[in-house]
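Hello,

Here is the structure I promised to pass on to you. Have a look at it first, and then read my notes below.

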Amino acid sequence: MSDIFTLSIRQQAILHFANNTNWFAASDVAAELDGISSATLRRDLSELVEHGALEKQGDNKGARYMLTERSRLFVPYHLGEYYHLD
């Protein structure tokens, strides 16, 4: 497996969501991202866990996710949001 991992727009949105929260469930992300099927969401979350961007705790419907410390350095952010922080 390559060390290079290209994020889809959906995966970037998931990481952005994860950066603004602690532990979260797939249902939390689904509520924020409109139009994403549960199968696609599970696949994206699994890929992010596999590549070390997210940490997973638990299984099935009880699974929770959190951004790994390593990933906090690489989360895409918007400059407009950055400059509005007080």
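**What I found**

Read from start to end of the sequence, the protein chain runs α-α-α-β-β-α-α. That gives 5 helices and 2 strands in the protein chain. Please keep in mind that this is a predicted model.

For the overall picture, buried residues account for 28% of the 86 residues in the protein chain. As for contacts in the protein chain between residues at least 6 apart in sequence, 52% of them join residues at least 24 apart.

**Two helices that pack**

You may like to begin with helix H1 (residues 9-19) and helix H3 (residues 38-50), whose axes are 10 Å apart and which pack at an angle of about 70 degrees. Angles of 65 to 115 degrees count as roughly perpendicular, and H1 and H3 are therefore roughly perpendicular to each other.

On the H1 side, the residues that take part are Arg10, Gln11, Ile14 and Leu15, and they meet Thr40, Leu41, Asp44, Leu45, Glu47 and Leu48 in H3. Sorted by class, the contact of H1 with H3 has 5 nonpolar, 2 polar and 3 charged residues.

One of these deserves a view of its own: aspartate 44, which has its place in helix H3. Is aspartate 44 buried or exposed? The cut-off for buried is under 20% relative accessible area, and aspartate 44 has 2%, so it is buried. Leaving aside neighbours within four places in sequence, aspartate 44 is in contact with Ser8, Arg10, Gln11, Ile14 and Ile36.

**The hairpin**

Next come the strands. Strand E1 (residues 54-57) pairs with strand E2 (residues 64-67) in the antiparallel sense, over 4 bridges. Lysine 56 has tyrosine 65 in E2 standing opposite. Together E1 and E2 form a hairpin, with 6 residues between them. In the turn, glycine 58 has a positive phi of about 90 degrees.

Asparagine 60 lies in the loop between E1 and E2 too. Asparagine 60 is not a glycine, and yet it has a positive phi of about 50 degrees. With a relative accessibility of 71%, asparagine 60 counts as exposed. Where does asparagine 60 sit relative to alanine 26? The two are 34 residues apart in sequence, and their C-alpha atoms are 9.9 Å apart in space.

**Aromatic rings**

Tyrosine 65, the residue opposite lysine 56, also turns up in an aromatic cluster, where Tyr65 is joined by Phe17 and Phe24. The count of aromatic pairs comes to 2. In the pair of phenylalanine 17 and phenylalanine 24, the ring centres are 5.3 Å apart and the planes are at 90 degrees, so this pair is edge-to-face. Both phenylalanine 17 and phenylalanine 24 are buried.

If you want a route through the model, I would go from aspartate 44 in helix H3 to the loop with asparagine 60, and finish at the cluster of Phe17, Phe24 and Tyr65.

Happy browsing, and all the best

Conventions. Residues numbered from 1 in each chain as written. Predicted model: local features only at pLDDT ≥ 70, side-chain atom pairs only at ≥ 80, totals over all residues. Heavy atoms only, no water. Axes fitted to C-alpha atoms, helices over the stretch in contact; angles between N-to-C directions. Parallel < 35°, antiparallel > 145°, perpendicular 65-115°, else oblique. Contact = heavy atoms within 4.5 Å. Nonpolar A, V, L, I, M, F, W, Y, C, P; charged D, E, K, R; others polar. Phe/Tyr/Trp six-rings, centres within 6.5 Å; stacked < 30°, edge-to-face > 60°. Buried < 20%, exposed > 50% of the residue type's maximum accessible area, 1.4 Å probe, protein only. Pairing = 2+ DSSP bridges.
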